[in-house]
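Thanks for making the time this morning. I would like to walk through one structure with you, starting from its empty space and then turning to what fills it.

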Amino acid sequence: MVQKRLKTSSSERASLWEKVPDNEWGNWQWQQANRITTVAGLDSLIELTSEERLAITAAGERFKFAITPYYASLMHPTDRSCPIRRQAVPVAEELRAVPDELVDPLGEEASMPVPGITHRYPDRVLFYTSHNCPVYCRHCNRKRKVGDPASAAHRLQLMQGIEYIRGRPEVRDVLISGGDPLTFSDDRLEEIIAGLRDIEHLEIIRLATRNPVTLPQRITPAFVRMLSKYPPIYVNTHFNHPRECTEEAATALGLLADAGCVLGNQMVLLKGINDNPGLVRQMNQWLLAHRCRPYYIFQLDPAEGTNHFRTPIESGLELIRGLRGWTTGMAVPHYVVDLPGGGGKVPVQPEYLVKKEGPVYTFKNYEGETYDYREGVDSPECP
Ligand SMILES: *Cc1c(COP(=O)(O)O)cnc(C)c1O
Ligand code: SF4
């Protein structure tokens, strides 16, 4: 079997921005300032029916929307099922109430010892910073919070978070999350990272950011120079589809990796977007080729307004079956369900162990063939 390799896609600007000088287009502040946030803005990019316009206005009022010109240019102008469009443009389904959907699906607020910190596991904490993102993903599990200026952490709260970690010697790993922490300026981020690095018992700092996907221009040489002063830094990003694997994204990953950051990808499994083993295999191979290791595939959390993206668990198992054995083991992430109500992440695996009889274990391999493994027995003692 010859697998088709994913080529890095070249991103073309939508005609709306054809005349923008390159230095502006490549500037993340310009990209931020020129985000599409209105139906009128969308109208100049993609084809919309009048029902869609109404739905976008209604859903967009409930859950904020914003799209960078870069990411908007990856959208197909007429195809409603375009994976980029579906991740970024509101639809009427977001307003459909479904039982069991939760504002805070993971009970993150319930396990907050101080505002902005979730301390659920013994040795690591989640640290919320900004609640802004360059693009508000329609599938976000913090959908109600992102984009809400009232929920952004202020300097005092951030300093209290750092002090909390300083007072907990058991914490050896901090995940700086949000929103997207990279919406802060380099100086503001450095203040946080340097404050954390100053804590002796803290071993690793992780940054969770979708900027390499939605605003790769944010990854500048100056930014990565700053990060390189505070190793070890792990950067987990969020690629969901091969169309996001552009030259700009490749450059952003390259800069981060060259600066010594260890890169991982956290994909979210989305119905009709990436519930396709061949597509995920290609994307994961591309990520490995760009020094970013697939880390997690998330089953979608039951967050409000996201039901139209939810797949059966079986779709996730199908992805793992399509990866394990068929490609590099490092391209096989953990498929996890984050248990609603604060149970934490649990891995879900296809069943490879089919039978156990005494010391004999029977397995099925990736091609469906059966093999036995006999456990060792204690050897009799030497006389
Ligand atoms: C996901 C998560 C972590 C990190 O989990 P890892 O499996 O170590 O990546 C930590 N705290 C919370 C609350 C989380 O949801
Ligand atoms: S970048 Fe992350 S936090 Fe921001 S909207 Fe997307 S999924 Fe949510």
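The lining of the largest pocket, sorted by class, comes to 22 nonpolar, 14 polar and 10 charged residues, and I should say at once that this is a predicted model. The pocket holds about 1,000 Å³ of space, and of the 46 residues that line the pocket, those closest to its centre are Asn 141, Arg 142, Ser 177, Gln 266 and Phe 298. As for where the lining comes from, at least two residues each are supplied by β2, β3 (173-177), β4 (204-208), β5 (233-237), β6 (262-268), β7, β8 (334-339) and β9 (344-347).

What takes up this space? Ligand 1 sits in the largest pocket, and the space taken by ligand 2 is the largest pocket as well.

Let me take ligand 1 to begin with. The residues around ligand 1 are Thr 118, Arg 120, Tyr 121, Arg 124, Leu 126, Leu 175, Arg 206, Tyr 295, Tyr 296, Asp 338 and Lys 345, and by class they divide into five nonpolar, one polar and five charged. Among the charged side chains, Arg 124 has an N or O atom 2.7 Å from an oxygen atom of ligand 1, while the corresponding distances to a ligand oxygen are 2.8 Å for Arg 206 and 2.9 Å for Lys 345. Of the 380 Å² of accessible area that ligand 1 has on its own, the protein covers 90%. The elements that contribute two or more residues to this shell are β2 (124-128) and β7 (292-298).

Turning to ligand 2, we find it surrounded by Cys 133, Val 135, Tyr 136, Cys 137, Cys 140, Gly 179, Arg 210 and His 238, a shell with five nonpolar, two polar and one charged residues. Gly 179 deserves a second look, since the peptide bond that joins Gly 178 to Gly 179 is cis, with omega near 15°, and Gly 179 itself lies in the loop between β3 and α8 (186-197).

Where else does the backbone call for a check? The peptide bond from Pro 231 to Pro 232 is cis, with omega near -5°, and Pro 232 is found in the loop between α10 (221-227) and β5. Finally, Arg 291, in the loop between α12 (277-289) and β7, has phi near 65°, which is a positive value in a residue other than glycine.

Note on methods
Residues are numbered from 1 along each chain as its sequence is written. Chains are lettered from A and ligands numbered from 1 in the order in which they are written. This is a predicted model: local features need pLDDT of at least 70, side-chain atom pairs count only at pLDDT 80 or more; totals for chains, interfaces and linings use all residues. Side-chain values use heavy atoms; hydrogens and water are left out. A residue is near a molecule or strand if one of its heavy atoms lies within 4 Å of it. On a 1 Å grid over the protein atoms alone, a cavity is a set of points where a 1.4 Å probe fits but cannot get out, and a pocket is an open set with protein on both sides within 12 Å along at least five of seven lines; lining residues have an atom within 4 Å of a point. A molecule sits in a cavity or pocket if more than half of its atoms lie within 2 Å of its grid points. Ala, Val, Leu, Ile, Met, Phe, Trp, Tyr, Cys and Pro count as nonpolar, Asp, Glu, Lys and Arg as charged, and the others, Gly among them, as polar. A polar contact is a pair of N or O atoms within 3.5 Å; within protein, one must be able to donate a hydrogen and the other to accept it, and residues adjacent in sequence count only if both atoms are side-chain atoms. Accessible areas come from the Shrake-Rupley method with a 1.4 Å probe; for residues, only the protein chains shown count as cover. Helices (H or I, at least four residues) and strands (E, at least two) are DSSP runs, numbered from the N terminus. Grid points are joined across faces, edges and corners, and a volume is the space filled by probe spheres set on the points.
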